Amino acid sequence: MVRQASFLIALSVILLAFAGCRKSPHSEQISSHNWETESHHQGEDCSGCHNSGGSAHEYLWVVSGTVYKNDSVTPNPNGVINFWTGPLGTGNLVATLEVDGYGNFYTNSAILPAAGCYPQVRSAVGNVQNMLTLNVSGSCNLCHSSKTNRIRVE
């Protein structure tokens, strides 16, 4: 009986250790430069799956999208998305997200102010593209999914 109890305790410790290695939907998830093993489906509306009822509900993105080069076909990796309180990179810098190695950016952290912000894309080589209208949604590919309206910077 003591041997069986010791086995169950040891098994429980091992299972808890493995469970601790899994990404929790409650821990911060955020894109980073050169990270190429997790993101996918460039150009698609990320919030279509990454929502509480979606097939990828374990990762609930608050902000997500894809950056392309000017050809609107080639993903543009390793840049940054800056979120400003004013247009054209003015006002206060609210948050910055790194674009991963697939051209995608995402986070489950509530980084955007309720009043909205002005996104600015900066490529890995330093080129800048600004969104000129106030944005209150973090589902960037919802509007920027067609080849004629993608988020682009060279």
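Asn108 is buried in this predicted model, with a relative accessible area of 17%. That value earns the label because buried means under 20%. The residue sits in the loop that links strand 4 (104-107) to strand 5 (118-122). Its side chain has two backbone partners worth listing, Ser27 and Gln29:

| Side chain | Backbone partner | Distance |
|---|---|---|
| Asn108 | Ser27, oxygen | 2.8 Å |
| Asn108 | Gln29, nitrogen | 2.7 Å |

Now for the nonpolar side of things. The largest nonpolar core has 14 residues, and the members that touch the most others are Val67, Ile81, Phe83, Leu97 and Phe105. At least two residues of this core come from each of strand 1 (63-68), strand 2 (80-86) and strand 3 (90-98). As a rule, nonpolar side chains in soluble globular proteins tend to be buried together.

What does Val67 contact once its neighbours within four places in sequence are left aside? Pro75, Asn76, Ile81, Val99, Gly103, Phe105, Val121, Ile151 and Val153 make up that list. Two of these partners, Ile81 and Phe105, also appear among the core residues named above.

Zooming out, the protein has 2 helices and 7 strands, and they run along the sequence as α-β-β-β-β-β-β-α-β. If you take contacts with a separation of 6 or more, 62% of them are between residues 24 or more positions apart. Of the 154 residues, 35% count as buried. On the outside, the accessible surface comes to about 9,100 Å², and carbon and sulfur atoms account for 59% of that surface.

Key
Residues are numbered from 1 along each chain as its sequence is written. This is a predicted model: local features need pLDDT of at least 70, side-chain atom pairs count only at pLDDT 80 or more; totals for chains, interfaces and linings use all residues. Side-chain values use heavy atoms; hydrogens and water are left out. A nonpolar core is a set of buried Ala, Val, Leu, Ile, Met, Phe, Trp, Tyr and Cys residues joined through side-chain atoms within 4.5 Å. Buried means under 20% relative accessible area, exposed over 50%, partly exposed in between (1.4 Å probe, protein chains only). Helices (H or I, at least four residues) and strands (E, at least two) are DSSP runs, numbered from the N terminus. Contact means heavy atoms within 4.5 Å. Accessible areas come from the Shrake-Rupley method with a 1.4 Å probe; for residues, only the protein chains shown count as cover. A polar contact is a pair of N or O atoms within 3.5 Å; within protein, one must be able to donate a hydrogen and the other to accept it, and residues adjacent in sequence count only if both atoms are side-chain atoms.
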